[in-house]
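This briefing goes through one model by topic, beginning with how a helix bend is defined and ending with confidence. Please keep the structure in view while reading.

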Amino acid sequence: NRHLISAADLSRDDAVLILDTAEELASVEGRAIRKLPTLRGRTVVNLFYEDSTRTRTSFEAAAKRLSADVINFSAKGSSVAKGESLKDTALTLEAMGADAVVIRHPASGAPRRLTGWISGRVVNAGDGTHEHPTQALLDAFTMRQRLIGAGAGAEADRRGRDLDGLRVTIVGDVLHSRVARSNVLLLSTLGAQVTMVAPPTLMPHAVDTWPCRAGYDLDSELRKSDVVMMLRVQQERMTAAYFPTIREYRRRYGLDTGRMALLPEHAIVMHPGPMNRGVEIAADVADSARSTIVQQVANGVTVRMAVLYLMLGGMADGEEAA
Ligand code: CP
């Protein structure tokens, strides 16, 4: 694919190729080879109009480990503050030789708009409440690593590696979550059975059209889950009308140790971060052996290396993105 805007852009084969490539890159890294020459001479621009810790730094680390040059652009402190448009900002950065632009933007649809303005590749690093496809890829990679097993044989084991039948419950502020949307699209493509659990005010009406079930009784869903993914309550995107109270939310939808005990023994607990400890997830759950939160961050670098490698690695010197 030229760009990565939505998890829906990925066929099952595309997604498995990215995950398998990430696995190969992880095994190279495991041999303590910290830098590969693959993207020498390429330039990756991180264009961030919204705050980020994990995504921005992991794209930077991923590009650098592939020997690309990296330009980090934050809207804060730039000419965006003087009113410069996204299009003019992107054209300016492209004039500096960007082969790929990794964009985070508060407006849903901004990355797709960008693809019409610049010739380089575009990767969506989170747009409004729309999508965050590389988060879904790193989550799928983590599920495969923890529950399916890394390094299994290629074709013979492909069914399992595609997450077929895996029961994934995504819990919380689904309405505002680009992570939830990308995950449901990608995980269903890979064969998982996804259930969304949310307070009625935080469940999008469109959930009926998504490839998942909607559930409202968290405890009964937990008993039959292989994975529970807790979502951050995005207080910055909501008004009081959406939200019960923190105490009520925690009581009905928070994951504490008592609730975690309802999960089957093998099940894992995920969270994309940043977390509201003590709201959607208790601190001792976040720090427990079942939690994959730190592993998800580490896998983010590897999976983003795979995405950049597959998008830019085949380009010949001097070639514009085809
Ligand atoms: N999960 C995630 O996107 O985190 P950041 O906002 O820190 O990038």
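The bend at a residue is the angle between two axes, one fitted to the seven residues that end there and the other to the seven that start there. In this predicted model, helix H12 (residues 293-312) bends in that sense by about 25° at Asn 299. The points below begin with H12, then turn to helix H2, the parallel strands, Ile 5 and the confidence scores.

**Helix H12**

- H12 has 20 residues and reaches 29 Å from its first C-alpha to its last, which is close to the 28 Å expected at 1.5 Å a residue.
- The helix is mostly covered, with 14 of its 20 residues buried, and H12 is itself among the elements that cover the buried residues of H2.

**Helix H2**

- The end C-alpha atoms of H2 (residues 54-65) are 16 Å apart, and this agrees with expectation because twelve residues at 1.5 Å a residue should span 16 Å.
- Its buried residues are Thr 55, Arg 56, Ser 58, Phe 59, Ala 62, Ala 63 and Arg 65, and what covers them includes, besides H12, the strands S1 (43-48), S2 (69-74), S3 (100-105) and S4 (121-127).
- After H2 comes Ser 67, whose phi is positive, near 70°.

**Parallel strands S5 to S9**

- Strand S8 (residues 227-230) has Val 227 and Met 229 pointing one way and Val 228 and Met 230 pointing the other way, yet all of these residues are buried.
- S8 runs parallel to strand S5 (residues 167-171), to which four bridges join it, and within this pairing Val 171 has Met 230 as its bridge partner.
- S8 also runs parallel to strand S9 (residues 268-270), here over three bridges, with Met 229 standing opposite Met 270.
- S5 is in turn joined by five bridges to strand S6 (residues 193-197), again in parallel, and the bridge partner of Ile 170 in S6 is Met 196.
- Between S5 and S6 the chain crosses through helix H7 (residues 178-189), and this β-α-β crossover is right-handed.
- S6 pairs in the parallel sense with strand S7 (residues 213-215) over three bridges, where Met 196, the partner of Ile 170 in the pairing with S5, stands opposite Ala 214.

**Ile 5, ahead of helix H1**

- Is Ile 5, in the segment before helix H1 (12-30), buried or exposed? Ile 5 counts as buried because 22 C-beta neighbours lie inside 10 Å, where the cut-off for buried is 20 or more.
- Leaving aside neighbours within four places in sequence, Ile 5 is in contact with Pro 111, Arg 112, Thr 115, Val 122 and Asn 124.
- The C-alpha atoms of Ile 5 and Ser 288 are separated by 33 Å, and the two residues are 283 residues apart along the chain.

**Confidence**

- The protein chain averages a pLDDT of 90, and 90% of the residues score at least 70, while the model scores ipTM 0.98 and pTM 0.93.
- Over residues 150-156 pLDDT stays under 50, and for this stretch the model has four contacts beyond four places in sequence.
- Where pLDDT is low, the predicted coordinates should not be read in detail.

Technical notes
Residues numbered from 1 in each chain as written. Predicted model: local features only at pLDDT ≥ 70, side-chain atom pairs only at ≥ 80, totals over all residues. Helix = DSSP H or I, 4+ residues; strand = E, 2+ residues; numbered from the N terminus. Expected span 1.5 Å × (residues − 1). Buried ≥ 20, exposed ≤ 12 C-beta atoms within 10 Å, placed from the backbone. Pairing = 2+ DSSP bridges. Right-handed = clockwise from strand over helix to strand, strands pointing away. pLDDT = per-residue confidence, 0-100. Contact = placed C-beta atoms within 7 Å.
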